[in-house]
Amino acid sequence: MAHKSYSFTHAICRKPSRSIVDGLRAVDTGTPDLDVFAQHHADYVRALRSTGAEVTVLDALEAFPDSVFVEDAALCLQEGAVIMRPGAPSRLGEAAEMAPHLEALYGEVLRIEGDGFIEGGDILTTEREILIGLSARTDQAGVDEFAKLVDRWGYAVRIVDTPEGVLHFKTDCSLLDEETVLATKRLDASGCFDGYKVLHTAEGEEACANTIRFNNLVIMPAGFPRTRDQLVAAGYEVREVGNSEAAKLDGGMSCLSLRFSPNA
Ligand code: CIR
């Protein structure tokens, strides 16, 4: 049976731009190398395609250094897509750039148009609900408008916290299947996953909590062997992809794609 929270026919990615060196980062750990980033990105796209999905790779947008992180510009559900309103001023324009690509694939594309802010990285869609972490990028007004929009498609939205100093809610968690999430201990301690089965990232490997379940695969950043072994032992088919350059900009596996199966 197909699961709407992780069975996908489509994905959209965007090539990293040369301006990626100016991308936002909480702490400067070095300038990303564009060639290495491009190689990792190509590996990521290959992994998505290997599951049989149709993957569109959009051209780089030089005007938006963080535009490779397409996840933050929109939220895709089966019934329709919602264009976000990113809380980072330098990223606000990315949302309008994404809209026409989704309009070409979906019957219904809605927009956050009020004063609130919301980024896709703060939204975890599970089989039964949509969890949204308030963060430095996502505020109450943004969530309220989003919740009102997706109510028409029958989605329940639950507001949760993002740990202090963590960029996005999903920086610290990801969906593994209809009842299981991968999360850092610090996020799980908030109680937001009560009712779910939770696998914890291994001690010292918190930076790999942001994986994606994409059809048969769990795609995770390379270099986190103890968490990888745990996922394999739990029965998941794991694919590792290099993420050293995106990580310099606080990016992980989910931010590099929009994943969806449009109904229309
Ligand atoms: C930013 O700070 O917005 C980017 N440098 C990283 C965005 C990562 N996006 C995500 O996890 N969804």
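In the predicted model, the side chain of R128 lies over the face of Y196, at 3.9 Å from the ring centre. The ring of Y196 is itself part of an aromatic cluster, in which it is joined by F169 and F193.

Aromatic contacts of this kind were then examined across the structure, and the count comes to five aromatic pairs. One of these is formed by Y106 and F260, whose rings are stacked, with 5.5 Å from centre to centre and 25° between the planes. Because Y106 belongs to the loop between α2 (92-103) and β5 (109-111) whereas F260 belongs to strand β15 (residues 258-260), this pair ties together parts that are 154 residues apart in sequence. With a relative accessibility of 5%, Y106 counts as buried, and F260 is likewise buried, its relative accessible area being 1%.

A further pair is made by F169 and F193, which are tilted with respect to each other, the centres being 6.1 Å apart and the planes 35° apart. Here F169 is located in the loop between β8 (157-161) and β9 (173-175), and F193 in the loop between α4 (185-188) and β11 (197-200), so that parts 24 residues apart in sequence are tied together by the pair. F169 is buried, with a relative accessible area of 0%, and F193, at 1% relative accessibility, also counts as buried.

Charged side chains were considered next, and the structure was found to hold 18 salt bridges. Among them is the bridge between E62 and R18, in which the closest N and O atoms are 3.8 Å apart. This pair links distant parts of the chain, since E62 lies in the loop between β2 (54-58) and β3 (74-76) and R18 in the loop between β1 (10-14) and α1 (34-49), 44 residues apart. The partners fall into separate accessibility classes: E62, at 34% relative accessibility, counts as partly exposed, whereas R18 is exposed, with a relative accessible area of 60%.

In another salt bridge the side chains of R25 and D28 meet at 3.4 Å, N to O. R25 counts as partly exposed, at 22% relative accessibility, while D28 counts as exposed, at 58%.

E240 and R228 also form a salt bridge, with 3.4 Å between the closest N and O atoms. Since E240 is placed in strand β14 (residues 237-241) and R228 in helix α5 (residues 225-233), a strand and a helix are tied together by residues that are 12 residues apart in sequence. E240 is partly exposed, at 33% relative accessibility, as is R228, with a relative accessible area of 25%. Elsewhere, E71, K170 and R259 are joined into one network by salt bridges that share partners.

Finally, the empty space within the model was analysed. The largest pocket holds about 850 Å³ of space, and its lining is made up of 43 residues, of which V166, L167, H168, T171 and D250 lie nearest the centre of the pocket. When the lining is divided by class, 17 residues are nonpolar, 13 are polar and 13 are charged.

Note on methods:
Residues numbered from 1 in each chain as written. Predicted model: local features only at pLDDT ≥ 70, side-chain atom pairs only at ≥ 80, totals over all residues. Heavy atoms only, no water. 1 Å grid on protein atoms, 1.4 Å probe; cavity = no way out; pocket = protein on both sides within 12 Å on 5 of 7 lines; lining within 4 Å. Points joined across faces, edges and corners; volume = space filled by probe spheres on them. Nonpolar A, V, L, I, M, F, W, Y, C, P; charged D, E, K, R; others polar. Phe/Tyr/Trp six-rings, centres within 6.5 Å; stacked < 30°, edge-to-face > 60°. Helix = DSSP H or I, 4+ residues; strand = E, 2+ residues; numbered from the N terminus. Buried < 20%, exposed > 50% of the residue type's maximum accessible area, 1.4 Å probe, protein only. Lys NZ or Arg CZ within 6 Å of the ring centre and 35° of its normal. Salt bridge = Lys/Arg side-chain N within 4 Å of Asp/Glu carboxyl O.
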